[in-house]
Amino acid sequence: MSDAAPLCWGVYRELAHSPGRETDDAEILRATGRELSGLGFSVTLKSPDELPGADDFDAVPPFLFVMCEQIPVVERLAAWERRGARVVNRPSGIRNTDRERTIALFREREIPHPRSLLVSTELPARAAYGGPCWLKRADVHAVQEGDVSFAGSPAALAANLERLRSRGIMRAVVQDHVDGDLIKFYGAAGLAENGGPPSWFEWFYHRDQTLSNHAFDPGDLAAATAMAAGALGLDVYGGDAIVSGNGAISVIDLNAWPSFALFRPVAAARIAALLAARFVSSGVVK
């Protein structure tokens, strides 16, 4: 690396997209920034509101690591990326976590996931109900109560569709309920950009469930979730999966750069190492 510390910005997640996780989301970005500074980068952390306009590229450093999700901000990042900035996660990957995009990419790449249908919230429930299911808004992940709801009957699904429709949400995903143990996972992609195994991976069981302790191969979980992240174009990711009685793994949700709250110190170090590798591979850092 050259004597002059390469400049990079870290961008916080919007508060509206961190319900109940405002502090955790901010702390993982700060911790990652500290680790990246220790690797020789000059790091400045900014809120989305502090970013310059899309056309003000001269004010933008060559490297950004971001947790923001709102479309206007992500589109601004995409404009800078097209002009040569290196952004992790990539703006296209962030947009791909919109559920309607996710389920299409999961089908295309044959990622193991429950049957998921994109529907209009005006659709009669009987046309969408195929058994116990989860109704999820089709765009962003859950940002308030009611964005994700369980339906054990057509009547429950109809009520849930109506609640989303009354809020002006016109598209939703109906996802089959899968019995099994619910797992939370975190990951960072491989340091080489070749779609290989993750450079770091952790998982744990969600609280507030009666575990069946279904046997499964953690290596299969790491591989399946890395494939899912690769399908969306994410380097820093987390989400939820179900392990069924036969050991089968279903990825039910995938997010860009979660809070990593239970693993913050090690996650920050591993993410910073990944960022450094990505920034060096751009050819700007020597």
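**Salt bridges, a four-stranded sheet and its covering helix**

R86, E193, D235 and R278 are joined in a network of salt bridges, a salt bridge being a side-chain nitrogen of Lys or Arg within 4 Å of a carboxyl oxygen of Asp or Glu. The model is a predicted one, so to speak of local features takes pLDDT of at least 70, and side-chain atom pairs count only at pLDDT 80 or more, while totals for chains, interfaces and linings use all residues. Residues are numbered from 1 along each chain as its sequence is written, and side-chain values rest on heavy atoms, with hydrogens and water left out.

Within that network, R278 and E193 meet side chain to side chain, with an N to O distance of 3.9 Å. This pair ties together distant parts of the chain: R278 sits in helix 8 (residues 264-281), E193 in the loop between strand 9 (181-188) and strand 10 (200-205), and 85 residues separate them. Helices (H or I, at least four residues) and strands (E, at least two) are DSSP runs, numbered from the N terminus. R278 is buried, its relative accessible area being 2%; buried stands for under 20% relative accessible area, exposed for over 50%, and partly exposed for what lies in between (1.4 Å probe, protein chains only).

In total, the structure holds 19 salt bridges. Another one that links distant parts of the chain is formed by D147 and R167, at 2.7 Å from N to O. Here D147 belongs to the loop between strand 6 (133-137) and strand 7 (148-151), and R167 to the loop between helix 6 (154-166) and strand 8 (171-176), 20 residues apart. The two ends differ in setting: D147 is buried at 0% relative accessibility, whereas R167 is partly exposed at 32%. A local case is R30 with E27, whose closest N and O atoms are 2.7 Å apart. Both residues sit in helix 1 (residues 22-38), and because they are 3 residues apart there, about one helical turn separates them. R30 is partly exposed at 32% relative accessibility, and E27 is partly exposed too, at 24%.

Turning to the sheet, 4 strands make up an open sheet in the order 10-9-11-12, with antiparallel pairing. Strand 10 and strand 12 (249-256) take the edges with a single partner strand each, so one side of each has no neighbour in the sheet. From one strand to the next, the twist averages 20°. Strands count as paired if DSSP finds at least two bridges between them; strand 9 and strand 11 (residues 236-243) pair in the antiparallel sense over 8 bridges. K184 stands opposite D240 of strand 11.

Helix 7 (residues 218-232) lies across strands 9, 10, 11 and 12, and runs at about 45° to strand 12. Axes are lines fitted to C-alpha atoms, for helices over the stretch in contact, and angles run from 0 to 180 degrees between N-to-C directions. T225 belongs to this helix and is buried, at 0% relative accessibility. Neighbours within four places in sequence aside, T225 is in contact (heavy atoms within 4.5 Å) with F185, F201, Y237 and V251.

Elsewhere, W134, V148 and F150 make a nonpolar surface patch of about 240 Å². Of these, F150 is found in strand 7 and is partly exposed, with a relative accessible area of 41%. Patches are built from residues with over 30% relative accessible area and no salt bridge, like charges being joined within 9 Å and nonpolar side chains (Val, Leu, Ile, Met, Phe, Trp, Tyr) within 5 Å. Accessible areas come from the Shrake-Rupley method with a 1.4 Å probe; for residues, only the protein chains shown count as cover.
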